[in-house]
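User: Please take a close look at one sheet in this structure. I should like a connected account of how its strands pair and what packs on it.

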Amino acid sequence: MIIKTPSRLHMTLIDLNGSYGRADGGIGLTIDKPNFTLQCEHSESGISIDFNEKITDEEIRKEAFKKISMSAEKVISKYNFDEGFHFTVEEAYPPHSGLGSGTQMSLATAKLICEFNQKKVDSIQLGSILGRGGSSGIGMGAFDYGGFVVDGGHDLKDKGGSVLPSSVNPAKPPQLIGRYDFPEDWEIVVAISDADTTVTGMKEDDIFEKYCPVPKNDVEKLSHIIFMNLIPFLLEKNIESVGDSINNIQKLGFKNIEVSRQSQNVRVLMDNMRQFGAYGVGMSSFGPAIYGLIDKHNQDVFKATKDYLGDEGIVFKTKAQNHGFEIEK
């Protein structure tokens, strides 16, 4: 049995103020590459993991080994499964790049084990078991459904009255409140700088501690842009106005903090992609992945971005994926 998952762009968290009694919430877009592809077979006992010989990056191997092992142990323990499993990682992409690899690896592992045991469990349930989705449900929405997804965040009471992340105040995964197809003729240019500008672990917690709660006024503006501009313009297939909304999101709330914490070369990259003609440019999660929206009228953005980064990063084109994981039995 083999499963293939998409990756995702986490466009922004919505409410890290909490004045209205809820926190978090988010929007994101499922993209059709890069992918995480995992094969699974029964074994006599225990968990074993191999890698396709093309996967040579030690950081990818180390992170995949950790996520697969931990996820398998948790779901086997939860449902008292007694089989062993052998996994082979066929495709993977770098962790901590802003494309959501951790959630996809964890959910893919758990889903395969459940499928082998004919146990029907959706990603919200799996997220609870695996300890994923305590701040955002975008990765789970991308895994299950694809497309442009919106999650409704958490009751502040479930997070102990605090907007701090799940590593500080654990919470169950949020519910999706919206899911929309993304136009198939729109493309996304993704650029990832080689610079070590990722923000993970305790550094991420420290940022939440220092900058939250964000100004209430920012949350109100951001909510209006998302629900009265971005989503309606998306449904109307108005790419210029969707791009304007993405640009405006970078200046508000916690997304503004995420962008400001990145290195100057990442911020300059964002400015340059706008100057190259992308309709809207944003940073996924804490970065360093940057995305720009294009269509048939501004295809030269891709080459200009690739020429600008040169050997100091990777640039690729992708499209939205309007469906979730694929599984072959």
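Analyst: The account below follows the sheet strand by strand and then turns to its helix.

This is a predicted model, in which local features need pLDDT of at least 70 and side-chain atom pairs count only at pLDDT 80 or more, whereas totals for chains, interfaces and linings use all residues. Residues are numbered from 1 along each chain as its sequence is written, and side-chain values use heavy atoms, without hydrogens and water.

The open sheet has 4 strands in the order 9-10-8-11, with antiparallel pairing. Its edge strands, each pairing on one side only, are strand 9 (281–283) and strand 11 (313–318). Helices (H or I, at least four residues) and strands (E, at least two) are DSSP runs numbered from the N terminus, and two strands pair if DSSP finds at least two bridges between them.

Strand 8 (residues 187–193) is mostly covered, with 7 of its 7 residues buried, that is, under 20% relative accessible area with a 1.4 Å probe, protein chains only. Glu-187, Val-189, Ala-191 and Ser-193 point one way, and Ile-188, Val-190 and Ile-192 the other. In a regular strand, side chains alternate between the two faces of the sheet. Strand 8 pairs with strand 11 over 6 bridges; Val-189 has Lys-317 as its bridge partner there. Strand 8 also pairs with strand 10 over 6 bridges, where Ile-192 is partnered by Ala-289.

Strand 10 (residues 289–294) pairs with strand 9 over 3 bridges, and Tyr-291 is the bridge partner of Gly-282. Helix 7 (residues 239–249) packs on the sheet, touching strand 9 and strand 10, where contact means heavy atoms within 4.5 Å. In helix 7, 8 of 11 residues are buried, including Val-242 and Ile-246.

How values were computed:
Axes are lines fitted to C-alpha atoms, for helices over the stretch in contact, and angles run from 0 to 180 degrees between N-to-C directions. Buried means under 20% relative accessible area, exposed over 50%, partly exposed in between (1.4 Å probe, protein chains only).
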